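Thank you for making time this morning; I would like to walk through one model with you, taking the charged pairs, then a helix packing, and then a few residues around it. Please keep the structure open while I talk.

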Amino acid sequence: QLWDEFVDKLDEKFRDPRHAELAREALWATYQGNQAADTFFLKFDDLRVRGGLTKPDAHDILLVEHLTKKMNQPLVLAVRQAYEAQRNATIAALRGHQAAIPATNKDADVGMLEIEIVKADKPISYDTFRELAIEHDPIVRRHGNNARAAPAPAPKVVYRDVLTLPPSVAAPQSPPAAAAAPAPQSWFSGVAAPAGTSARQP
């Protein structure tokens, strides 16, 4: 702790007062190019923290907008498709749980699930964009402009794991069996392929 205080005092005395401003300028100038996503985000996150762009409510929209313009577009498309599939699967699962709630618990638990649905149905956050970009970048790089495009991985279902449901209908971390899995997506065409097949580019 004493060392941290010492470093903070050195920063106050000798660091360029425009440190945060310069970091933000460097961040807005970054683009992915040939870098792998995980390498790109190491530099991007360093600049983001040094630039003070760390408040989700205030900065996520700006950061995601920048990434959609400066990262490789096939990867941006893959991230968008993955997030939309994840969001739709989550909402479908929550709707399924609503239908399964006994009438005696209807008011309180339906209201709780409606709150979770509202939370799920929102624009992608910076953290989620980063996570999906790093996850899908190797797949996009592997298939690139080849004739055969990769089917998208199964979407994740994301919501709070503690609800006020009785044990018999407690929310699992996967969609209910009645909910059909989405068809595989082409990373580049955005057109659904038949189940069990890979999408081909024209």
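In helix H4, Lys69 and Glu65 join their side chains in a salt bridge, with 3.4 Å from N to O, and I should say at once that this is a predicted model, so that every value you hear from me is a computed one. The two partners, Lys69 and Glu65, are four residues apart in H4, which is about one turn of the helix. As for their surroundings, Lys69 counts as exposed because its relative accessibility is 59%, over the 50% cut-off, whereas Glu65, at a relative accessible area of 39%, is partly exposed.

This bridge belongs to a set of seven salt bridges in the structure. Another of them is formed by the side chains of Asp137 and Arg141, at 2.8 Å from N to O, and here too the residues are four apart, about one turn, this time within helix H7, residues 126–143. Asp137 is buried at 6% relative accessibility, while Arg141, with a relative accessible area of 39%, is partly exposed. There is also a network of salt bridges that links Arg18, Glu21 and Glu25.

Which residue forms a salt bridge with Asp45? The partner is Arg48, and the closest N and O atoms of the two are 3.0 Å apart. Both lie in helix H3, three residues apart and about one turn of the helix from each other, and both Arg48 and Asp45 are buried.

Arg48 brings us to the packing of helices. The axes of H3, residues 37–50, and H4, residues 56–70, come within 13 Å of each other and cross at roughly 145 degrees, and the crossing is right-handed. On the H3 side the contact is made by Phe40, Phe41, Phe44 and Arg48, and on the H4 side by Leu63, His66 and Leu67; sorted by class, these are five nonpolar residues, one polar and one charged.

The aromatic residues in that contact deserve a closer look. The structure holds five aromatic pairs, and one of them, Phe40 with Phe41, is edge-to-face, with 5.2 Å between the centres and 75 degrees between the planes. Phe40 is buried at a relative accessible area of 2%, and Phe41 counts as buried at 0% relative accessibility. Ring pairs also link Phe40, Phe41, Phe44 and Tyr126 into a cluster.

What does Leu27, in helix H2, touch beyond its neighbours within four places in sequence? Its contacts are Phe44, Leu47, Arg48, Leu53, Leu63 and His66, and Leu27 counts as buried because its relative accessibility is 0%, under the 20% cut-off. Leu27 and Gly51 are 24 residues apart in sequence, yet their C-alpha atoms are 8.1 Å apart in space.

Finally, let me turn to Gln32, which sits in the loop between helix H2, residues 19–28, and H3. Is Gln32 buried or exposed? With a relative accessible area of 1%, Gln32 is buried. Setting aside residues up to four places away in sequence, Gln32 touches Ala37, Phe40, Lys70, Met71, Asn72, Leu75, Asp137 and Arg141. That list takes us back to two residues I described earlier, since Asp137 and Arg141 are the partners in the salt bridge of H7.

Key. Residues numbered from 1 in each chain as written. Predicted model: local features only at pLDDT ≥ 70, side-chain atom pairs only at ≥ 80, totals over all residues. Heavy atoms only, no water. Axes fitted to C-alpha atoms, helices over the stretch in contact; angles between N-to-C directions. Left-handed = near helix turned anticlockwise from the far one by under 90°. Contact = heavy atoms within 4.5 Å. Nonpolar A, V, L, I, M, F, W, Y, C, P; charged D, E, K, R; others polar. Buried < 20%, exposed > 50% of the residue type's maximum accessible area, 1.4 Å probe, protein only. Phe/Tyr/Trp six-rings, centres within 6.5 Å; stacked < 30°, edge-to-face > 60°. Salt bridge = Lys/Arg side-chain N within 4 Å of Asp/Glu carboxyl O.
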